[in-house]
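The following note sets out a reading of one structure for a colleague who is new to the subject. Please keep the sequence and the model in view while working through the numbered points.

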Amino acid sequence: MRLSTVTFLTLAALVAQDSSTEASPIPNQATSALPNASESSQAANPVEMMALTPSLAVSIPEMITSPSFSSTESSSEKLASLSITNALDQTWLAELVKISQGEDQSQIKTSLSVAQIGTSSALNYEFSQTITLLNTLLIVATLVPSITILFFWLVRRLIVKEIVFQAQKQLNRIDNLEGQLKASKQRYQQLIKELELQVGAIQESINFLNREAQLSKSSIEQVETLKSQFVLRLQGMISEVQDLKEQALKELQEKTTETKQSIFPLLAETSVSLNGLSPSSHSTESLPKKLVDSTVVPTIKPPQSSESMIADDYLKKGEAFLIEGQFKEALNCLEQAIKTNSKLEEAWFKKATILARLQRYNEALIAYDQYLNLQPQKYEGWYNRGNVLVRLQRYAEAIESYDKAISIKPNDYESWHNRGALLRKFKRFDEALESYNKALEIAPDKYETLHNRGNVLARLQRHEEAIASYQQAIKLNPQKWELWSNQANALSALQRYEEALKSIETALSLKPNHFELLKTQANLLGKLGQNSEALELYKKALQIKPDSYETCFECGETLVKLQQYSEAITLYEQAINLKPDSAAVWRSKGMCLEKLEQYPEALASYDAALSCQSDDAETWRYRGSLLSKLKQYPEAISSLGKAISIQKELRNAKNPTISLSSQPSP
């Protein structure tokens, strides 16, 4: 490989410069020897010349102030005119250049000497050794480029590796910072949410106190109004009673006077006639007819009773039977009252009430309709009519009846409560929540309404508010296990599993061995990683209700977590017997069979799952993975492709307008 002359000359210049640096500390020679030097000096060693001659050229800037040089050196134009080119021509590196170009190969000297190093300074010696080593490395790098390339490749690799390491380190630090930032953000959001809940609770308390104050004020006003009305009514009744008393006494006095006037003359006539008769004649036939009539004790005959008074008698008799619980007899009396007076609204109302108690709801509805035709502004009729319609499962009409009752009496707690229950049944949760809130404004200490309100809030995914509602209900009635159970469900939805477990344990203390409570407790233990304890509870629940498909499936899932695949398969088969069209059970059974390396049976289970639900991406994925293990690659690729396409369709269905929303705005 031929080297360029420029390259070698450049290297020679560097060598000459370094050599002049090495020669500078040598003691000054006699300046007179330089002009008188003989021509034989040209035959001296080229390395020595390189060490002496270029020193003048290199050290020219230092000659202005340096006292170590003589005036002869500073004035010598010959030494100053000695160029770098002549020095390069006399170096051994220049000889190498000539060899590379094929010029004067015979002029190369075989003996190369190192510049003498003065003994006055060990530091200069070490420096010259370093320069020589660097020159040697430079020559080797120039003459052997492959080694140079390898060297620089290794250096580059080390540098790149170090850069990658540092970059990875910085990225890790950035990831840590991002994680801390995310955690801080979550904590910030949690604090904000807690603060909002506290503010909401305080606001609710303030509203509650305001409502209580208003209700108390309105109650006092109502009591005063009722008191005044009662006093007025009592005074009116007293005056009416006095009038009736005076009238009765007056009538009695008049009747007494008339009676006396009619009796005394008759008595006088009788005595005369008796004196004129013989003693033996005592026959009543000889007595005057008027006397016979007068022997009857005179009484005041009551006026003839009207139909309404007869209907009232039947009504009162029916009420007496109703109080005694004799519904059939009461119903007969009420029907007699209605036959006597069909416009007696109270009889219709009592009859409808008895028919509802006897669960004859259609007849009760007819009776309530008759009552409301007579008294359409009575909210009790509309409320009870709504209850009967609920029994008949005519819920829409029942809501209308409750609305009518509320329009007549807006502060009727029962109407608001029942309306909320029906709206919750129709999954109109927002309207149901509004009804429950209205009911609680009227009666805030009703635990049933607080309980139902919590259920509605849980359906609306407002679990924190639901928990608050459950806790208020628990304060009013802590012996209701349903409250503790529903509170546990809300806590579980917020992943507060330990608190939920405490709630469900309290519920079980109130209702031991309850199937649903045992299953819920087992589920919570599984979420807390206590799979052995969860398995025992699932088995206990299955002893109570062995035909529960969900419990069999969940018990099988727990066995899978404990890696008891054979026992899990047994539970899955039991669940399949209860519900053969469950794709999830078939898929889980196939996974267990695959774990036991029973690949044909596992594939059959996956196929059964797909026959139940053909768009199950998870089953297609597991099937493709199993076929890949069996080296059935075409079918595996087809199954995996099916899974990917289903997942893509699901994503598109969830985000139908994502492509439009992602476009930048103009």
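1. A helix, as the word is used here, is a DSSP run (H or I) of at least four residues, and a strand is a run (E) of at least two. With these terms in hand, one stretch of the chain may be described: residues 133–155 are 96% helix and 0% strand. The C-alpha atoms at the two ends of this stretch are 19 Å apart. An unreviewed UniProt entry lists residues 133–155 as "transmembrane region".

2. The reader should note that the model is predicted. The chain holds 31 helices and zero strands. It has 666 residues, of which 30% count as buried. Among contacts with a separation of 6 or more, 49% join residues that are 24 or more positions apart.

3. Which residues touch the most other members of the largest nonpolar core? They are Ala-347 and Val-585, in a core of 100 residues. Once its neighbours within four places in sequence are left aside, Ala-347 is in contact with Leu-315, Leu-334, Ala-337 and Ile-338.

4. The next points concern pairs of helices. Two packed helices are described by the angle between their axes and the distance between the axes. Helix H14 (residues 361–374) and helix H15 (residues 379–391) have axes 10 Å apart and pack at an angle of about 160°. Angles over 145 degrees count as roughly antiparallel, and H14 and H15 are therefore roughly antiparallel to each other. H14 passes H15 in a left-handed crossing. On the H14 side, the residues that meet H15 are Tyr-361, Ala-364, Leu-365, Tyr-368, Asp-369, Tyr-371 and Leu-372. Their partners in H15 are Gly-381, Trp-382, Asn-384, Arg-385, Val-388, Leu-389 and Arg-391.

5. H15 also packs with H17, and here the axes come within 11 Å and cross at roughly 25°. Are H15 and H17 roughly parallel or roughly antiparallel to each other? Angles under 35 degrees count as roughly parallel, so H15 and H17 are roughly parallel. Their crossing is left-handed. Tyr-383, Asn-387 and Val-390 of H15 meet Glu-414, Ser-415, Asn-418 and Leu-422 of H17.

6. Further along the chain, helix H24 (residues 531–544) and helix H25 (residues 549–561) have axes that come within 10 Å and cross at roughly 155°. This angle makes H24 roughly antiparallel to H25. H24 passes H25 in a left-handed crossing. Residues of H24 in this contact include Asn-531, Leu-535 and Tyr-538, while those of H25 include Thr-551, Cys-555 and Lys-561.

7. Two residues deserve attention for their backbone angles. Most residues other than glycine have a negative phi. Lys-427, however, has a positive phi near 60°. Lys-427 lies in the loop between helix H17 (413–425) and helix H18 (429–442). Gln-495 likewise has a phi near 60°, and Gln-495 is in the loop between H21 and helix H22 (497–510). Are these residues buried or exposed? Exposed means over 50% relative accessible area; Lys-427, at 61%, is therefore exposed, and Gln-495, at 59%, is exposed as well.

8. Three polar or charged side chains may be examined by their surroundings. Arg-623 is placed in helix H29 (residues 617–629). Buried means under 20% relative accessible area, so Arg-623, at 14%, is buried. Not counting residues up to four places away in sequence, Arg-623 touches Leu-603, Tyr-606, Asp-607, Leu-610, Glu-635 and Ser-639.

9. Gln-487 lies in helix H21 and is buried, with a relative accessible area of 5%. Its contacts, without residues up to four places away in sequence, are Ile-467, Tyr-470, Gln-471, Ile-474 and Ser-503. The C-alpha atoms of Gln-487 and Ile-504 are separated by 8.3 Å, and these residues are 17 apart along the chain.

10. Asn-477 is found in the loop between helix H20 (463–476) and helix H21 (481–493). Is Asn-477 buried or exposed? Its relative accessibility is 19%, so Asn-477 counts as buried. Apart from residues up to four places away in sequence, Asn-477 touches Tyr-447 and Leu-483.

Note on methods
Residues numbered from 1 in each chain as written. Predicted model: local features only at pLDDT ≥ 70, side-chain atom pairs only at ≥ 80, totals over all residues. Heavy atoms only, no water. Core = buried A, V, L, I, M, F, W, Y, C linked by side-chain atoms within 4.5 Å. Buried < 20%, exposed > 50% of the residue type's maximum accessible area, 1.4 Å probe, protein only. Contact = heavy atoms within 4.5 Å. UniProt positions renumbered as here; feature names shortened; annotations may be inferred. Axes fitted to C-alpha atoms, helices over the stretch in contact; angles between N-to-C directions. Parallel < 35°, antiparallel > 145°, perpendicular 65-115°, else oblique. Left-handed = near helix turned anticlockwise from the far one by under 90°.
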